[in-house]
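Dear colleague,

I am handing over the structure that you will find just below. My notes on what was found in it follow after that.

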Amino acid sequence: MLYRSSIGAVALAAALSMASSCAQAFDETKLPDWKGQWVRIGGGGQYDPSKPGGRGQEPPLTAEYQAIWEANLAEQAAGGQLYNTQVHCLPGGMPRMMMAYEPMEIIVTPDITYIQISFNNEFRRIYSDGRDWPKEQEPSYSGYSIGKWVDQDEHGRYSGLDVETRDLKGPRIFDPSGIPLHSDNQTVVKERMFLDKADPDVLRDEITTIDHALTRPWTITRSYHRQRNPVWVEHICVESNQYVFIGKETYFVGGEGHLMPTKKGQAPPDLRYFNQSRK
């Protein structure tokens, strides 16, 4: 018994030593410097900043989802926002959240990279500890992300992070024009994030979305500029949201606090449960 106990103790000590050695073997100086505040570059509100907004985006939609987008565009043109999830104070989710309507912060550690976006307080964890995909995972707007650090230039230092995101939930759209993602929420988003070689204060995110609403994978590149001495401003959606949704209608709260129409000839909301008599 003593002999077996001794073997067990030695094995445990060896395992702990190996684990400690592996942990110490990771050279954190190989990780890139992504500290600071990242502010989106250009693009206005459209998803692909290299193209005009609206129909100029030319998303590769299937016929079914092109029809959904056309209906959303008509709703937008008429003044409605029923389709726009963020106007309902829901998270944009992936990949829309990476448009970074408000600045974002990236915190890099050996095992996890954290991305915090000021707008709607959206948050991501990108696991780079070698784990596999979980067999069961609760879907979320930001999804479950696994990343791998890459040395693109073979200089002995990581220059990019390859990421794949799955396990997303909806509803989600690509941008304020209402470009839809499929209702089955089987979206897969692949990214390569890296600093611009000519300017270390510019971060690029090459984003490829694979989704059943699309006829092919859709790849775009978002860019962000670094502020090294940032001022952070809190963004709370409900504090500034002046839209009111009643049934399938969109109304607007004006400066005097009164409910206003958003469409020409729009009927007032059904107030059957309120006393409408006036003195």
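Which residues of the largest nonpolar core touch the most other members? Among its 37 residues these are W34, M98, M104, I106, I115 and L203, where a nonpolar core is a set of buried Ala, Val, Leu, Ile, Met, Phe, Trp, Tyr and Cys residues joined through side-chain atoms within 4.5 Å, and buried means under 20% relative accessible area, exposed over 50% and partly exposed in between (1.4 Å probe, protein chains only).

Please keep in mind that this is a predicted model, in which local features need pLDDT of at least 70, side-chain atom pairs count only at pLDDT 80 or more, and totals for chains, interfaces and linings use all residues. Residues are numbered from 1 along each chain as its sequence is written, and side-chain values use heavy atoms, with hydrogens and water left out.

Turning to charge, R222 is buried yet has no salt bridge (a side-chain nitrogen of Lys or Arg within 4 Å of a carboxyl oxygen of Asp or Glu). The nearest side chain of opposite charge (Lys and Arg count as positive, Asp and Glu as negative; His and the chain ends are not counted) is D48, 6.6 Å away, whereas the side chain of R222 reaches the backbone oxygen of Y47 at 2.7 Å.

As for aromatic pairs (rings of Phe, Tyr and Trp, its six-membered ring, with centres within 6.5 Å; planes under 30 degrees apart are stacked, over 60 edge-to-face, the rest tilted), the structure holds eleven. The rings of W133 and Y144 have centres 6.1 Å apart and planes at 55 degrees, so this pair is tilted.

Best regards

Methods: Polar contact = N/O pair within 3.5 Å; in protein donor to acceptor, adjacent residues only side chain to side chain.
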